[in-house]
Amino acid sequence: MTRRRRIALVAGSVAIVAVLGIGIPSLHWSQRNVPEVHADPAEHFKYGSIGAEKENGIPYWVWLILPEMFPEHLPDRPGEGYGKFGFIYEAGSPKGRPIGTSYREDPIPMVGLNCAVCHAGTVRESAEAPELLVLGMPGNRFDLKEYLDFLFRVGNDPRFNADNILPAIEGVNPGISWIDDLFYRYVVIPRTRAALVTESERFAWMSRFPDPGPGRVDTFNPYKFNRFGLDEANPHVGTADLPPLWNQARKEGMWLHWDGNNDSVDERNISAALGAGASEGSLDVGSMERIADWIATLAPPAFPEQEIDQSLARYGARVYQQHCAACHAFDGAEVGQVVDILVIGTDRERLDSFTPELAESMNTLGEGRSWSFSSFEKTEGYSSMPLDGVWLRAPYLHNGSVPTLRDLLMPPQDRPTIFYRGYDVYDYEDLGFVSSGADAEAVAIGLDLGHVIVLAVGHLQGETVTANGTP
């Protein structure tokens, strides 16, 4: 064996011992665990850690080069790199990564997701206008499933190996040390690939359901299937629109989530953090408390005053008070209460996907910790939530099936059944994001509601469905 080979093997062994944290107490590097923290609460919301990257993160330098190395696995959408999934990059930001991603040295740089990935959006007055970033708004451009699919496709690509990954990392990080090089070759890259392959197998059930598209996620089926191993035969589509995070203090005691399955704001926040990748053990409780304090009073931006016809607004306010306020104003008698599905008469897939067994299992999370769940319940309807910032919450209803407020006020049979979502140019005439026409079609994702409904019925009847629900 050559001297160079012996040195490499010894160095590789030291690196492996370091990552396991055993045998060599002087290797303080192996114990490093430093999350990115920001003094400003808005910056912390955008980029700070909630603990997800510690448990389910991806090595930062590996993550950074994946779009350039595997462009054929990216979606065919406008944008560059991770921007194709609807991640928002701030102009001039020194982060080098988008809003909604967190960072931690553990002991190597790791990247994960945080609250802002689903709760920050953009709006533009026209195709030529600059983006206005709105924190707390539903993530109208972000496509979580497509992002996960990309990672799974990459992990299963035979080119995902050290011989290919390391040169790409060295291209963006030429200062990488020889010890880190060995560590990545023998530990980081093989483990990352193995983890991505395992996760792709755990999430294989997603292929049975229609693709959500931007701004929609299946919140509780991952809990049901992956965390608790419950009811894998349950066919119900849990896909629903992302909600806003505004005025959380005023929502304490209301029945939260679309089906009103919990009335604790703290449990809502923590369950969302666990859904973003944190585990019970890795959850950064202090960080979550900072975010909770900030969003307690975070308010939505006001609708542009120049777009308001004041005479019509005064007339509309009277109609709203007479027909809507009881269920949707903060001081309404029925606001935040669950309305039976038979009264609402809308799509019940999201409701039926959350089962009594899942509610019972959710209430086991956090046992023995400073936080624990106890408020999850199975309901028989959807909650009537306040409409703060409603102008930025399009598309509408729990499943995002109505593109604009004007469409929502039309009879159901007259609403569009095909439209495009994920475009951030605003339609001040119909009150919603532009959802048709060449510009929207070039940027956004088509949603065929008739096809999605047929798929849901097909699942309920036990049919085999292979289409994805989008044209």
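Where does histidine 257 lie? In this predicted model, histidine 257 sits in the loop that runs between β8 (239-241) and α9 (265-275). What makes the residue worth a look is its backbone: phi of histidine 257 is near 60°, a positive value, and the residue is not a glycine. For context, most residues other than glycine have a negative phi, and most peptide bonds are trans. As for its surroundings, histidine 257 has a relative accessibility of 18%, and because buried means under 20%, histidine 257 counts as buried.

Leucine 431 turns up with a similar kind of backbone angle. Its phi is positive too, at about 65°, again in a residue that is not a glycine. Leucine 431 belongs to the loop between β12 (426-427) and β13 (432-433). With a relative accessible area of 26%, leucine 431 is partly exposed, whereas histidine 257 is buried.

Then there are the peptide bonds. Aspartate 106 and proline 107 are linked by a cis peptide bond, with omega at about -20°. Proline 107 is part of the loop between β3 (101-105) and β4 (109-113), so to speak of this cis bond is to speak of a link into a loop residue. A cis peptide bond also joins alanine 394 and proline 395, and here omega is about -10°. Proline 395 is found in the loop that connects β10 (381-383) and α16 (405-408).

Terms used:
Residues are numbered from 1 along each chain as its sequence is written. This is a predicted model: local features need pLDDT of at least 70, side-chain atom pairs count only at pLDDT 80 or more; totals for chains, interfaces and linings use all residues. Side-chain values use heavy atoms; hydrogens and water are left out. Helices (H or I, at least four residues) and strands (E, at least two) are DSSP runs, numbered from the N terminus. Buried means under 20% relative accessible area, exposed over 50%, partly exposed in between (1.4 Å probe, protein chains only).
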